[in-house]
Amino acid sequence: QVDAVRVYVNSSSENLQYPVLFVVRQQKGVLSWQVPLIFRGLYQRTYNYQEVSRTLCPSEPTPETRPSDQIIFVDVASMAPFNIAYELLVTRLENFQLETNKAFNFTASPSQPQYFLYKFPQDVDSVIINVVSDAAYPCSVVSVQDIVCPVYDLDHNVEFNGVYQSMTKQAAITVQRKDFPGEQFFVVFVIKPEDYACGGSVPSSIHGNVNRTWNLQRTKNLQVTIVPSIKKSVYVQAMFFSFLSFLSFYLGSVVVAFVHYIRVQRKASAGRLSPEHGSGMMTSSHPISASTPEGSSYGAIDESSSSGARQLSSPERRAPAGSDTDSSVEEESDFDTMPEIESDKNIIRTKVFLYLSDLSRKDRRIVSKKYKIYFWNIITIAVFYALPVIQLVITYQTVVNVTGNQDICYYNFLCAHPLGVLSAFNNILSNVGHMMLGFLFLLIVLRRDILHRRAMEMKDIYTLDYGIPKHFGLFYAMGIALMMEGVLSACYHVCPNYSNFQFDTSFMYMIAGLCMLKLYQTRHPDINASAYSAYASFAVVISLAVLGVVFGKNDMWFWVIFSLIHVLASLALSTQIYYMGRFKIDDPDSDTGIFRRAVMVLYTDCIQQCSRPMYMDRMVLLIVGNLVNWSFAIFGLVYRPRDFASYILGIFICNLLLYLAFYIIMKLRSSEKLLPIPMFCIVATAVVWAAALYFFFQTLSSWEETPAESREKNRPCILLGFFDDHDVWHFLSAAALFFSFLVLLTLDDDLDTVRRDKIPVF
């Protein structure tokens with residue numbers, strides 16, 4: 001047991017010109033202070049205290065002294081030309097050494113800080129220092145310092161040494177034995193003279209003597225408990241749990257693929273035995289290996305289609321099935337720049353009732369190559385985006401480790417398990433699900449792609465105009481985006497704070513946008529956005545998110561401009577969707593035609609169409625969608641949420657859910673079926689998302705507040721003693737996104753045997 005000595009001094013003098021100086025000389029150090037003791041705050045405010053109490057650094061026993069003896073010298077001096085009364089009291093601390101798993105209560109104030117000694121037990125390699133208080137204020141600082149004298153225990157020097165964090169009602173610091181060669185450390189408690197650092201009121205700027213405050217009562221009751229942290233075996237269990245949980249998805253996919261293979265073999269055997277089944281048409285409805293017959297001439301339309309459509313069928317180039325070689329002359333512009341094709345587009349796309357054959361008329365190779373660009377572009381974007389992010393968060397972590405300032409990063413300190421240089425390894429490990437399930441989705445899409453190509457090589461290209469056209473470029477891009485979401489979320493959780501939260505959300509925007517594009521591409525393969533325009537739009541969104549982080553806190557002008565852009569973008573996109581990309585407001589035959597055209601559009605399309613719209617289903621979707629987006633714009637303009645990145649993400653998610661609900665409703669309304677596999681994926685998606693969102697809203701920290709206020713929300717681990725609520729959100733959200741992708745992949749498998757001129761467009 002280590003004993004310590006505490007010195008208490010008091011002076012009734014208020015003369016700041018002639019303070020009383022106290023110097024304490026010990027075996028290995030000198031400690032000095034003055035009375036009145038002066039603390040400085042904002043706007044040159046000073047806080048003066050006439051009572052000061054300091055703990056002396058315990059000395060090591062020498063051969064000349066007994067183990068319990070300490071030799072100290074206290075010098076008292078003043079330059080005052082008159083006598084000054086003072087009081088000096090030296091006492092022995094009975095409870096200087098803290099014990100494991102035993103709570104200790106004490107009080108502290110700005111002029112009377114406290115610190116205690118803790119020694120690691122033999123079988124403990126890591127401990128968590130839990131500090132709680134019933135009162136949020138006064139603001140305090142908890143510091144862990146090595147056994148070095150003097151101890152930095154005043155407001156102006158507590159940050160000079162060790163690890164520290166500010167505190168209101170709760171603080172927690174994880175300490176590892178390897179960081180302290182002596183296997184012991186000091187726990188220091190300092191009360192700050194002002195509360196602004198913890199989110200309290202900021203003192204007003206007042207000039208004159210009013211800036212001087214005497215003996216302000218800022219005493220705080222604290223309770224400290226030091227508990228052992230988890231052992232190394234828990235780290236191993238957590239890693240096994242993380243990987244095995246998601247490897248089970250791989251196992252499930254293999255089982256389903258094997259069952260599907262058996263079913264296909266049985267159907268093939270039945271087809272060889274029965275001549276009527278040898279028509280050359282393959283049916284498949286499996287989520288990961290369905291193959292839809294389709295030829296290079298995909299999009300050939302029925303005789304009942306428009307005359308313009310029949311005119312197009314002859315010039316279409318038809319290459320042998322399975323020929324997917326790139327050609328420098330086979331560009332989409334070859335079709336889009338021909339005047340007769342432009343006329344044909346206007347005839348077809350303005351029909352009241354559109355079928356898939358009307359919007360899937362371009363050469364399959366050209367359209368497939370167009371959608372492959374999504375995949376290659378997102379890989380390039382991911383590399384260039386991720387590398388500087390990784391470099392930045394490594395710098396953040398290095399700054400935290402070197403300075404010891406744990407107010408930089410907003411961890412859940414009650415469940416932050418370090419590993420190596422990482423302060424919260426559990427928050428990083430829990431993102432492994434995004435990467436593993438993203439890679440699994442890529443394998444599923446690859447298998448579908450391979451089986452689809454084989455089916456095309458086996459079938460007659462003139463009889464394969466069935467089902468939804470199979471273009472896998474967007475699916476590959478979605479898989480890469482899911483993997484990158486895991487990488488960037490892990491980067492964000494290296495040091496979560498306000499500045500780098502955009503890293504956690506950037507690929508969420510891209511995932512939501514790609515899902516909407518894929519859903520639209522399903523029945524509009526010829527008129528979907530190109531990869532260049534889509535990624536350019538995502539770049540604009542991410543740029544706005546960065547501007548929102550910088551200017552979105554208090555600047556009203558930013559919210560006015562953003563809301564205006566949001567509303568105008570919604571209207572422009574609605575116009576393109578409603579008219580299938582055939583809306584034009586200019587008239588090339590007249591200089592004033594644009595104005596006359598604008599008036600005609602306003603009358604025919606806004607006044608007449610609103611009462612009896614030509615495309616009722618599209619009109620209903622777009623009206624609801626615009627109401628939702630305008631509501632978001634008004635909400636942002638009125639409330640100006642600080643978490644701008646989540647605000648934009650909410651806009652994307654709501655639009656995606658609205659479009660998906662519309663698509664499923666229209667699908668059922670058109671007498672189409674939901675097969676068991678997509679139905680299972682829809683149910684699984686809804687259940688897992690509901691569970692994930694429950695854990696997401698269990699707020700464990702918040703960079704919208706000060707670090708001290710954020711720590712009030714910290715909670716202990718809930719899974720394996722290693723993962724907290726947010727880690728469970730990572731696990732469940734990865735599974736939910738995976739099932740969401742499978743929904744988009746399998747939703748229209750029931751149409752594989754339906755001719756495209758019988759599949760409605762909505």
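Among contacts in the protein chain between residues at least 6 apart in sequence, what percentage join residues at least 24 apart? In this predicted model, the share of such contacts that join residues at least 24 apart is 82%.

**View 1. The whole protein chain, with its helices and strands.** The chain contains 17 helices and 17 strands, and of its 762 residues 51% count as buried. About 35500 Å² of the protein chain is exposed, and carbon and sulfur atoms supply 62% of that area.

**View 2. A nonpolar patch on the surface, to which helices α10 and α11 each supply at least two residues.** The patch is formed by V546, L547, V550, F551, W557, I561 and I565, which together have about 590 Å² of accessible area. Helix α10 spans residues 531-551 and helix α11 spans residues 556-578; of the elements that contribute, α10 gives the most to the patch, with 4 residues.

**View 3. W557, a residue of the nonpolar patch, in its place in helix α11.** The relative accessibility of W557 is 46%, and W557 therefore counts as partly exposed, a class that lies between buried, under 20%, and exposed, over 50%.

**View 4. Strands β12 and β13, which run antiparallel.** Strand β12, made of residues 140-145, is joined to β13 by 5 bridges, and S143 stands opposite Y164 of β13. Strand β13 covers residues 163-167 and is mostly covered, with 4 of its 5 residues buried. In a regular strand, side chains alternate between the two faces of the sheet.

Conventions. Residues are numbered from 1 along each chain as its sequence is written. This is a predicted model: local features need pLDDT of at least 70, side-chain atom pairs count only at pLDDT 80 or more; totals for chains, interfaces and linings use all residues. Side-chain values use heavy atoms; hydrogens and water are left out. Buried means under 20% relative accessible area, exposed over 50%, partly exposed in between (1.4 Å probe, protein chains only). Contact means heavy atoms within 4.5 Å. Accessible areas come from the Shrake-Rupley method with a 1.4 Å probe; for residues, only the protein chains shown count as cover. Patches are made of residues with over 30% relative accessible area and no salt bridge: like charges are joined within 9 Å, nonpolar side chains (Val, Leu, Ile, Met, Phe, Trp, Tyr) within 5 Å. A salt bridge is a side-chain nitrogen of Lys or Arg within 4 Å of a carboxyl oxygen of Asp or Glu. Two strands pair if DSSP finds at least two bridges between them.
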